[in-house]
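Open the model in your viewer and keep a selection prompt at hand. The stops below say what to select and what is there.

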Amino acid sequence: MRGCLTCRQRHIKCDKTEDQCLRCRRSGRECIPAPTKPEEVTFRHGQNPSLRPSGPPRYGESDLVFPTDQVWVSLPTQVSFEDETDRTAADYRVVSLDGSPFHLKHAPENLPSSPNGALHSPFASHSLQSPNFAGPSRARSVQRPVVPHIPFPSTDFASAQKLRSFNEAFLLRHFRKTLGPWLDVCDSQSHFSVDVAERAPAHPLLLYACLAISARHLSYTNNTVPPETADGYHERCIEILKTVLENRDYGISIDILLTSTVILRFFEQISSHSPSNDLQSHLLAGSVYISSQLDCAVSGGLAEASFWVFVMQDIQFALMFQRPLRLTLSPFAEKLYPAWQHRTAQDDRDWTHKAIWLLAETINYCYGAENSVHIDPIDGNALRQRVNAWERMKPDTFRPLHYSGRDPGCGRPFPVIWFTNTLHAAAIQHISMAKILFQQHELQAMQPMPQIREAIQGFEDEIILNLGTIFGIALSAENDLALRIMAGHALCACGTWIRDSLAQTCLLDLLRRTEVENGWPWAFVIQKLSQEWHQTAR
């Protein structure tokens with residue numbers, strides 16, 4: 001016996017008992033029996049006998065092979081289909097409760113039934129009826145609630161955009177993605193790639209400085225921007241700076257002024273293809289602005305980030321020409337050392353800033369005596385102790401991720417040194433450069449006597465070891481411009497110590513790749529070193 005149609009219509013399981021099932025008796029419904037077997041149509045659900053393998057049916061399969069006397073009905077060439085949905089739906093009667101279109105409920109099945117089969121429920125007459133029920137048949141459409149349309153507020157992107165010019169937006173985007181991170185090498189808070197890009201549209205000087213350096217970089221690396229585009233934005237910056245110098249109340253904050261000057265010095269650096277072309281205009285202007293704002297070294301935010309980028313730019317110029325820094329260090333040292341001493345929890349950025357500052361002081365100590373530039377006297381012994389203390393007390397986070405020694409047999413004249421953070425790699429490069437200058441300075445003070453030949457050899461070995469650290473970090477970092485630039489300037493200051501032909505070839509290739517891939521002009525240095533090394537090889 002098959003389940004009744006009433007239970008099937010209600011999507012519940014029928015108990016198939018007698019003429020009227022138990023569920024229909026309890027709910028007071030008419031139990032409409034299912035048609036008998038001959039009236040049904042059996043569908044072949046997916047088991048094609050022609051595709052089955054030979055032999056008896058497998059487990060769970062049915063033997064649905066057509067008999068030999070199967071009668072097939074011929075079909076006409078044209079078949080039309082009729083939609084009977086509306087006609088069928090009209091045979092069902094749906095009544096809402098209390099006039100509300102929300103409540104279509106079935107009577108609960110667990111309520112006790114009365115002797116005459118009627119339920120003690122006010123909803124008994126409102127249940128879903130079968131089309132074969134006696135009584136007039138009428139159809140009522142179910143009305144759905146009307147929900148008011150409340151649109152979301154839309155953004156007018158055309159009027160909300162920060163830069164209307166597509167080209168300027170493209171250049172600022174390039175600064176944020178490519179150039180800003182290079183300037184943020186010692187800034188874990190990423191002021192140049194985040195804050196500068198966010199504030200530039202509201203400050204013309206800062207905006208034009210970003211656009212100038214981006215246009216210059218793109219014109220060097222992939223020739224997508226004409227060179228005169230960068231010159232035009234740079235000239236706009238010069239016009240604004242002239243107005244600032246003439247009118248102190250022009251309204252540019254010191255952090256915007258310092259940041260713009262640092263970016264313009266970056267522009268000046270990559271635009272100078274030889275030392276004679278480096279006008280140093282923004283380097284001199286930056287030293288004037290920063291020297292008048294001593295608190296910028298410890299103020300935090302964009303001003304402090306710009307201060308440290310400028311110090312690194314000053315160090316790069318000093319190493320290129322083996323001369324002291326433009327910036328007067330002692331007033332800033334009076335603020336920096338107490339700030340570091342009283343800061344209970346020094347983070348990795350503080351330790352990196354210390355390494356940069358120690359190199360700046362070492363440059364002035366080592367190059368100051370050889371130049372006529374007046375600088376404040378520096379205690380060499382105390383400075384050497386500070387360098388040793390940094391090396392001895394640096395946090396474990398400055399340990400390299402991996403180190404593999406040099407292997408000339410495999411074409412690797414320098415070690416592989418990987419760091420998890422560029423901040424750590426830059427700090428090690430700067431402290432290694434400070435050690436080299438100290439060793440070189442002390443070596444020059446020695447008299448070439450036979451009895452100290454062993455000591456001289458020890459100094460030379462340490463210089464070559466520390467140079468290998470600087471170059472190994474830059475070569476291992478692949479495409480990190482900040483680390484490559486530091487290696488290039490170390491090569492300018494100490495290139496005569498590289499005597500191995502494989503090492504020379506590797507470093508010249510690094511300079512060439514830095515010029516092609518990063519737009520940094522090393523052609524003059526490549527020519528100079530090639531001549532010096534060629535003459536030494538003779």
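Begin with the crossing of H11 and H17, which is left-handed. The model is predicted, and this helix pair is the first stop. Select residues 301-321 for helix H11 and residues 481-494 for helix H17. Their axes come within 7 Å and cross at roughly 30°. Angles under 35 degrees count as roughly parallel, so H11 is roughly parallel to H17. To see the contact itself, show side chains on both helices. H11 contributes Gln-316, Leu-319 and Met-320. From H17 come Ile-485, Met-486, His-489, Cys-492 and Ala-493.

Now zoom out to the whole chain. The protein has 538 residues, of which 41% count as buried. Colour by secondary structure: there are 19 helices and two strands. Switch to a surface view, where the accessible area comes to about 31,100 Å². Carbon and sulfur atoms hold 53% of that accessible surface. If you compute a contact map, take the contacts with a separation of 6 or more: 67% of them are between residues 24 or more positions apart.

Next, select residues 254-271, which form helix H9. Start inside it with Ser-260, which lies in this helix. Is Ser-260 buried or exposed? Its relative accessibility is 0%, so Ser-260 counts as buried. Hide its neighbours within four places in sequence, and the residues in contact with Ser-260 are Leu-205, Leu-206 and Ala-209.

Stay on H9 and move to Arg-265 and Glu-268. Their side chains meet in a salt bridge, with an N to O distance of 2.8 Å. The two residues are three apart in the helix, so about one helical turn separates them. Both ends of the bridge can be checked against the 20% limit under which a residue counts as buried. Arg-265 is buried at 1% relative accessibility, and Glu-268 is buried at 9%.

Leave H9 for helix H18, residues 501-518. Select Arg-513 and Asp-509, which form a salt bridge with the closest N and O atoms 3.0 Å apart. These two are four residues apart in H18, so they too are separated by about one helical turn. How accessible is each partner, and what does it count as? Arg-513 is partly exposed at 27% relative accessibility. Asp-509 is also partly exposed, with a relative accessible area of 35%. Then return to the earlier pair and add Asp-278 to the selection: salt bridges that share partners join Arg-265, Glu-268 and Asp-278 into one network.

The last stop is Arg-343 with Asp-350. A salt bridge links them, and the closest N and O atoms are 2.6 Å apart. Colour the two by relative accessible area. Arg-343 has 32% and is partly exposed, whereas Asp-350 has 3% and is buried. In general, side chains of opposite charge can pair when their charged atoms come close.

To finish, list the salt bridges over the whole structure; a search finds 15. The pairs visited here are among them, including Arg-265 with Glu-268, Arg-513 with Asp-509 and Arg-343 with Asp-350.

Terms used
Residues numbered from 1 in each chain as written. Predicted model: local features only at pLDDT ≥ 70, side-chain atom pairs only at ≥ 80, totals over all residues. Heavy atoms only, no water. Buried < 20%, exposed > 50% of the residue type's maximum accessible area, 1.4 Å probe, protein only. Contact = heavy atoms within 4.5 Å. Areas by Shrake-Rupley, 256 points an atom, 1.4 Å probe, with all protein chains shown as cover. Salt bridge = Lys/Arg side-chain N within 4 Å of Asp/Glu carboxyl O. Axes fitted to C-alpha atoms, helices over the stretch in contact; angles between N-to-C directions. Parallel < 35°, antiparallel > 145°, perpendicular 65-115°, else oblique. Left-handed = near helix turned anticlockwise from the far one by under 90°.
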